[in-house]
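Here is a friendly tour of charged side chains and their partners. Please keep the viewer open while you read.

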Amino acid sequence: MNTFFPWRRPLEENWAARVAELEAIAAGGEMPDYAATRSVANQQLGPRQQLRIERLGKRLGKIKGNGFTRIELGLLGNGR
């Protein structure tokens, strides 16, 4: 399986169920627990899991008073 962030801990067996719980909380207009959200995002994610976490992040960003600050980050490199 091709994963992003290979240095992180392996994906938990119940990862999808935990993300579904967080999505349900966000769909209700509430912020899910920060530690739980961080925990599911801080694992070896494959492309599909990464997309799901990105969608969750976008939903969380739309919740009023979410406590997050939007930033834009630019990276420069020379290809080495």
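The report below looks at salt bridges, a buried serine and a charged surface patch.

This is a predicted model, in which local features need pLDDT of at least 70, side-chain atom pairs count only at pLDDT 80 or more, and totals for chains, interfaces and linings use all residues. Residues are numbered from 1 along each chain as its sequence is written, and side-chain values use heavy atoms, with hydrogens and water left out.

**Salt bridges**

With a salt bridge taken as a side-chain nitrogen of Lys or Arg within 4 Å of a carboxyl oxygen of Asp or Glu, the count is four. The table includes three of them.

| Pair | Closest N to O |
|---|---|
| Glu 12 and Arg 18 | 2.6 Å |
| Arg 52 and Glu 23 | 3.0 Å |
| Arg 59 and Glu 23 | 3.7 Å |

Arg 59 lies in helix 3 and Glu 23 in helix 1, so their bridge ties together parts 36 residues apart in sequence. Helices here are DSSP runs (H or I, at least four residues). Shared partners also join Arg 9, Glu 12 and Arg 18 into one network.

Glu 23 is buried at 15% relative accessible area, while Arg 59 is partly exposed at 39% (buried is under 20%, exposed over 50%, partly exposed in between, with a 1.4 Å probe and protein chains only).

**Ser 39 and the patch**

Ser 39, in helix 2 (residues 34-41), is buried at 18%. Leaving aside residues up to four places away in sequence, Ser 39 touches Arg 9 and Arg 18 (heavy atoms within 4.5 Å).

On the surface, Arg 48, Arg 55, Lys 58, Lys 62 and Arg 70 form a positive patch; patch residues have over 30% relative accessible area and no salt bridge, with like charges joined within 9 Å. Arg 55 belongs to helix 3 (residues 47-62).

Conventions:
Patches are made of residues with over 30% relative accessible area and no salt bridge: like charges are joined within 9 Å, nonpolar side chains (Val, Leu, Ile, Met, Phe, Trp, Tyr) within 5 Å. Accessible areas come from the Shrake-Rupley method with a 1.4 Å probe; for residues, only the protein chains shown count as cover. Lys and Arg count as positive and Asp and Glu as negative; His and the chain ends are not counted. The place of a charge is taken as NZ of Lys, CZ of Arg, CG of Asp or CD of Glu. Helices (H or I, at least four residues) and strands (E, at least two) are DSSP runs, numbered from the N terminus.
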